[in-house]
Amino acid sequence: MSTIVMSVNAGSSSLKFQVFRMPEEEVLTQGNIERIGLEDSIFGITVNGKKLKETQHIANHGEAVKILMDKLMELKIVNDLNDIDAIGHRIVQGGSYFDHSVKVDEDVVSKVDELAALAPLHNPAALVGYRAFADALPDCVHTFVFDTAFFQTMPPENYIYPLPYEMYLTDKIRRYGAHGTSHKYLTHRLAEIQNKPIDEMNIITCHLGGGASIAAVKNGRAFKISMGFTPLGGIMMGTRCGDIDPAIIVYLFRKYHYTPDELDDVLNKKSGVLGISGISSDTRDVEAAARDGNKRAILTFDIYVSRVVETIAGYYGLMGGADAIVFTAGIGENSDFIRRNVCKRLKCIGVEFSDQRNKEMRGREGLISTDESKMKVYVIPTNEELMIARDAYKVWKHEHNVE
Ligand code: ADP
């Protein structure tokens, strides 16, 4: 008998969903509700490869869930709301509380609420989404899947900052990371491709999208992640600066008397690819400008590539070697230009790069190093929704005593 599982990613004004038949992992439908709360909210859903799009006022997440459920029945994806057995909700920040996905109860909700201070844009919005689904579907098994959980296996030397130790104890300031669901998916998928047990996976996974992070995975478990206390840390991103000398922040406060919100805006929304290029946060626009010889566009890629290279090479050293590098997300899956420039500089750690394979690889799975390369380099499109659905299905099976 099949089980119907939905993965949900709720933001402050959006709600992404994907419905699976498990254990077959068949996608029945997927879609996105955007601009919730505005007059012209957009409801988009794809069924049998056909995209439907409707514009209407959707006042809040509760209404969005009601419209979604009605649509699922109208399209005969389910006959009855009770056909949905489990829902996996993506939660960005699980702090040190959660090292795996859990069935939601009052205690879990209150911990996620408490952690809102560490993810003010994400955790409260996800809880609003969860409550809307819990009201509509009280009998279905609700599971929280945390973006930070995969990184709870990191050794302390890789998550404690060299600040006064009390700040770690009292204020819980430490590296939590993010994109954990994606890095875990890549690890599991590559193990399948290479036909290896998970605990033999020693790899470096690069999630390069608007947000970007690089993870070191040792013996199948997270060993280090470039994102830090928040998703602002690590490598350079679309609009985020990544790691910078912390004294710059103190200097800017003193010099310009920024408010915390203003400075947060500079570091999160005006830096990175957008900040250096002055053109766009989208690497496609900046690549076009670089091809036309725009000096700041060229500099943007020089900095971007240098950050990625130093992180990969650093993690190689930290782990005492690795067997493979994986690229994913918008840039990692599509930009042969960035992949080539990164890989060219990684000969020192055994990368023999195939220009031909790289050029042909776009948005699909495959090898971009040569067959002889000591270090294998792959492109694997990430699938966070499937990972969330797998975890929700696991919790559902546990609840129903199914093997
Ligand atoms: P996020 O979900 O973090 O916003 P995505 O993984 O969707 O990010 O990645 C979006 C980014 O991927 C875009 O901002 C763009 O920079 C980059 N991107 C997408 N397609 C291409 C492409 N064909 N070539 C280069 N960069 C691309």
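Let's start at the ligand, where a polar side-chain atom of Asp282 sits 3.4 Å from one of the ligand's oxygen atoms. Keep in mind as you look around that this is a predicted model. How much of the ligand does the protein cover? On its own the ligand has 580 Å² of accessible area, and the protein covers 65% of that.

Asp282 has company. The shell around the ligand holds 13 residues, and the ones that come nearest are Gly210, Gly211, Asp282, Thr283 and Gly330. Two of these glycines reach the ligand through their backbones: a backbone N or O atom of Gly210 is 3.0 Å from a ligand oxygen, and a polar backbone atom of Gly211 is 3.2 Å from an oxygen atom of the ligand. Sort the shell by residue type and you get seven polar residues, four charged ones and two nonpolar ones.

Which helices bring at least two residues each to this shell? They are H9, residues 283-291, and H11, residues 329-334. H11 gives the most, with four residues.

While you're at H11, have a look at Ala329, which belongs to that helix. Ala329 isn't a glycine, yet its phi is positive, at about 75 degrees. Is Ala329 buried or exposed? It counts as buried, because its relative accessibility is 8%, and the cut-off for buried is under 20%.

Now step back and take in the whole protein. It has 14 helices and 14 strands, and its C-alpha atoms fill a box of roughly 55 × 55 × 45 Å along the principal axes. The radius of gyration is 22 Å, which agrees with the value near 22 Å for a compact globule of 403 residues. Of those 403 residues, 51% are buried. The accessible surface comes to about 19000 Å², and carbon and sulfur atoms account for 50% of it. What about contacts between parts of the chain that are far apart in sequence? Take the contacts between residues at least 6 apart in sequence: 59% of them join residues at least 24 apart.

Arg390 gives you a concrete case of that kind of pairing. This arginine is in helix H14, residues 384-399. Its C-alpha is 8.2 Å from that of Glu25, although the two are 365 residues apart in sequence. Besides Glu25, and leaving out neighbours within four places in sequence, Arg390 is in contact with Met22, Tyr185 and Glu192. Met22 is worth a second look, since a cis peptide bond with omega of about 5 degrees joins this methionine to Pro23. Pro23 itself is in the loop between strands E2 (15-22) and E3 (26-34).

Next, go to some buried spots. Thr205, in strand E9 (residues 203-208), has 0% relative accessibility and so counts as buried. Its side chain makes a polar contact of 2.7 Å with the side chain of His183. Beyond four places in sequence, Thr205 also touches Leu186, Thr187, Ser213, Ile214, Ala215, Val217 and Val326.

Another threonine, Thr300, is in helix H10. Thr300 counts as buried too, because its relative accessibility is 0%. Its C-alpha lies 6.1 Å from that of Val273, which is 27 residues away in sequence. Val273 is one of its contacts beyond four places in sequence, along with Met236, Ile276, Ser277 and Val286.

A loop can hold a buried residue as well. Ser271, between helices H7 (260-269) and H8 (272-277), has 13% relative accessibility and so counts as buried. Leaving out residues up to four places away, Ser271 touches Gly238, Thr239, Arg240, Cys241 and Val266.

For a whole element, try helix H12 (residues 336-344), where Asp336, Ile338, Arg339, Asn341, Val342 and Cys343 are buried. What covers them? The cover includes the ligand-shell helices H9 and H11, and also H10, H13 (355-360) and strands E12 (324-328) and E14 (376-379).

Finish with Lys76, in the loop between helix H1 (61-74) and strand E6 (84-91). Lys76 is another residue other than glycine with a positive phi, near 65 degrees. This lysine is exposed, with a relative accessible area of 65%.

Note on methods. Residues are numbered from 1 along each chain as its sequence is written. This is a predicted model: local features need pLDDT of at least 70, side-chain atom pairs count only at pLDDT 80 or more; totals for chains, interfaces and linings use all residues. Side-chain values use heavy atoms; hydrogens and water are left out. A residue is near a molecule or strand if one of its heavy atoms lies within 4 Å of it. A polar contact is a pair of N or O atoms within 3.5 Å; within protein, one must be able to donate a hydrogen and the other to accept it, and residues adjacent in sequence count only if both atoms are side-chain atoms. Accessible areas come from the Shrake-Rupley method with a 1.4 Å probe; for residues, only the protein chains shown count as cover. Ala, Val, Leu, Ile, Met, Phe, Trp, Tyr, Cys and Pro count as nonpolar, Asp, Glu, Lys and Arg as charged, and the others, Gly among them, as polar. The radius of gyration is taken over C-alpha atoms; the globule rule is 2.2 Å times the number of residues to the power 0.38. Buried means under 20% relative accessible area, exposed over 50%, partly exposed in between (1.4 Å probe, protein chains only). Contact means heavy atoms within 4.5 Å.
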